[in-house]
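Student: Could we go through this structure together? I would like to begin with how the chains meet.

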Amino acid sequence: MTTAVFDGQGAGAVLDGSGGPAAPGAQAAPGTQPHRAGKPGRAAPGGGPAGRVEIALADPDRPARRPVPRGLRRLLGPVLLVALWQVGSSAGLIDSSVLAGPWTVLHTGYDLAADGTLHENLLVSLRRVALGLVLGVGAAVVLAVVAGLFRLGEDLVDAPVQILRAVPILGLVPLAILWFGIGEQVKIFLVALGTAFPVYINTFAAIRGVDARFMELARTVRLSRAAVIRRVVLPGALPGFLVGLRFALTVSWLVLVVSEQINASSGIGYLMDQARTFGQTDVIVVGLAVYGLLGLLSDALVRLLERHALAWRRGLEAT
Amino acid sequence: MTTLAAALAASDGRAAGPTADEAGAPAVRVRGVRREFAGRAVLAGIDLDIAPGEFVALLGRSGSGKSTLLRILAGLDPDATGHATVPDRNAVVFQDPRLLPWARVLDNVALGLKGKGARAAAGAALAEVGLGGHERAWPATLSGGEAQRAALARALVRSPGLLLLDEPFGALDALTRIRMHTLLRDLCRRHRPAVLLVTHDVDEAILLADRVLVLTDGRLSLDEPVRLAEARHRSDREFGALRARLLAELGVTDDETDGETGEEMSIETDVGAE
Ligand SMILES: Nc1ncnc2c1ncn2[C@@H]1O[C@H](COP(=O)(O)OP(=O)(O)OP(=O)(O)O)[C@@H](O)[C@H]1O
Ligand SMILES: [Mg+2]
């Protein structure tokens, strides 16, 4: 699950990224006087003996260190892990019936991609998720607007949704099969249902959280009801909606994996289930990798959307 | 003209209060407006007329009900009783700029305007308050004074018959406030709306208004025309006398404020020259 918090990049950043705060003169070159901050009268919490704190500021003469790019540093751990895995497989420490080695997996992945199997099943899975998302997210937004704006809507919609929310989606699989059979519908239905809840809950809360002062403003400039929704409610609720959407994407892949492994004749999950019956761990790992990539990709997509749609917040979030 | 009486629950007519000095129908006509919160009458029968183009300042202690009266005139309080008639077009500037953070400055100013010329008019209003070139800025990037000027532009672009201002400069620093005073005075002279300015700043009221009201215990306890020349200086004898009267009505003696206003006075004298 992703967290409900926006990417905290830069949050709680250190002044210059090198020294911690309040390291007296740590960065100061010899001969330069460190800046003194804080008025003499004001006692700083946990300050020095005189009740003052010196704040370490960057020395302009210090040559800028060229740090290793963060992305590169973060790759180190995964690369090490894969190397260990490869060594383990080559040395026979990890049996291929337990887990195929990375090289084998790559090879299998290439083969599956080359003969079109991967491509075919990937498209089927993508289609299911896309349709489910469109239906689920669409319904959730409509319901959230109705419940968020009208008292009657809240009474009619919110209470049932809150109750249904307590039911684990995957527990509905047997019932869904009885309703829809084992074709495409059941998978799309489950994805739609699973994604609707997080979107509804976050959007509803966000609509309710729209500043009442803006609603008042809307009245003084005589906005029509439709204009209030379009100009005030929806944009005001957009950040909350996007949080819900990120949850929804995570849920959508989860639901898809399960429903494709239970009853399907195509899709990435089906591919993996087939591989299980033949003990092909390499195919299973390829499937996992594809799911992982899809998850990453969809998350990146929402981030991109966020960056674009919430550009007005950049002023607040930057620096 | 819109009668808010439909919104305000009708109450039997009270004795007519002071009528507008000028001939013709007043822009704002308030009769026997009452507002209670939990049984406590914050407004206990307000009678008020504001002539078209008249600039009225409303003073009162914190919690005296100034904002409550202003909100009633803005049509934001359906639970008040009495009768109030206000112009069809009115505009409000709140204490906070209240710009929609997700709309660019120009769209904020044009908010709710219809028709083709709306955006052009909004652009012109922005230029008028000195924000030309900020049309595409996000409100979050504006300074406090700039945001408040954008809010002023949003009010003016509606060519209101009544401009309601609720301590619009309360959050600004002294220098910016002086600039805003000059700007507001010029704009009002050009557009001639009736103005009700709620403020807690006695000097601001005297500098800007044609008439000053004081709200005490739910009633307008003082209604005093400001008979000063156009260029007003705090150093004027008349200014001082009026200030003393208003402060007395507000229950503050002049000595208590001397120390605090002395410093500003020298700054303020520059404004007349601007
Ligand atoms: N919605 C409300 N519910 C209950 N009491 C309220 C409400 N609005 C205002 N009041 C009360 O009415 C009184 C007048 O409030 P109002 O906001 O009009 O004061 P004010 O004169 O504008 O004060 P200030 O100068 O501090 O802004 C206050 O005592 C306040 O507590
Ligand atoms: Mg107030």
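Student: How many residues does each chain bring to the contact between chain B and chain A?

Tutor: In this predicted model, chain B contributes 20 residues and chain A contributes 16 residues.

Student: And what area is buried there, between chain B and chain A?

Tutor: About 2000 Å² is buried between the two chains, with carbon and sulfur atoms giving 64% of that area. On the chain B side, R98(B), W102(B) and L111(B) supply 34% of the area that chain B buries against chain A, more than any other three residues.

Student: How many salt bridges are there between chain B and chain A?

Tutor: There are 3 salt bridges between them. In one salt bridge, the side chains of E216(A) and R98(B) meet at 3.0 Å, N to O. The two chains also have 7 residue pairs in polar contact. The side of chain B that touches chain A consists of 10 nonpolar, 3 polar and 7 charged residues.

Student: Changing topic: how do helix 4 and helix 5 of chain B lie, roughly parallel or antiparallel?

Tutor: The axes of helix 4 (residues 144–156) and helix 5 (residues 174–191) of chain B cross at roughly 10° and come within 11 Å. Angles under 35 degrees count as roughly parallel, and therefore these two helices of chain B are roughly parallel to each other.

Student: Which residues meet there?

Tutor: From helix 4 of chain B, the residues include L152(B) and L156(B), while those from helix 5 of chain B include M180(B), L183(B) and L187(B). By class, this contact between helix 4 and helix 5 of chain B has 6 nonpolar, 4 polar and 1 charged residues.

Methods. Residues numbered from 1 in each chain as written. Chains lettered and ligands numbered in written order. Predicted model: local features only at pLDDT ≥ 70, side-chain atom pairs only at ≥ 80, totals over all residues. Heavy atoms only, no water. Contact = heavy atoms within 4.5 Å. Buried area = accessible area lost by both parts, 1.4 Å probe. Salt bridge = Lys/Arg side-chain N within 4 Å of Asp/Glu carboxyl O. Polar contact = N/O pair within 3.5 Å; in protein donor to acceptor, adjacent residues only side chain to side chain. Nonpolar A, V, L, I, M, F, W, Y, C, P; charged D, E, K, R; others polar. Axes fitted to C-alpha atoms, helices over the stretch in contact; angles between N-to-C directions. Helix = DSSP H or I, 4+ residues; strand = E, 2+ residues; numbered from the N terminus. Parallel < 35°, antiparallel > 145°, perpendicular 65-115°, else oblique.
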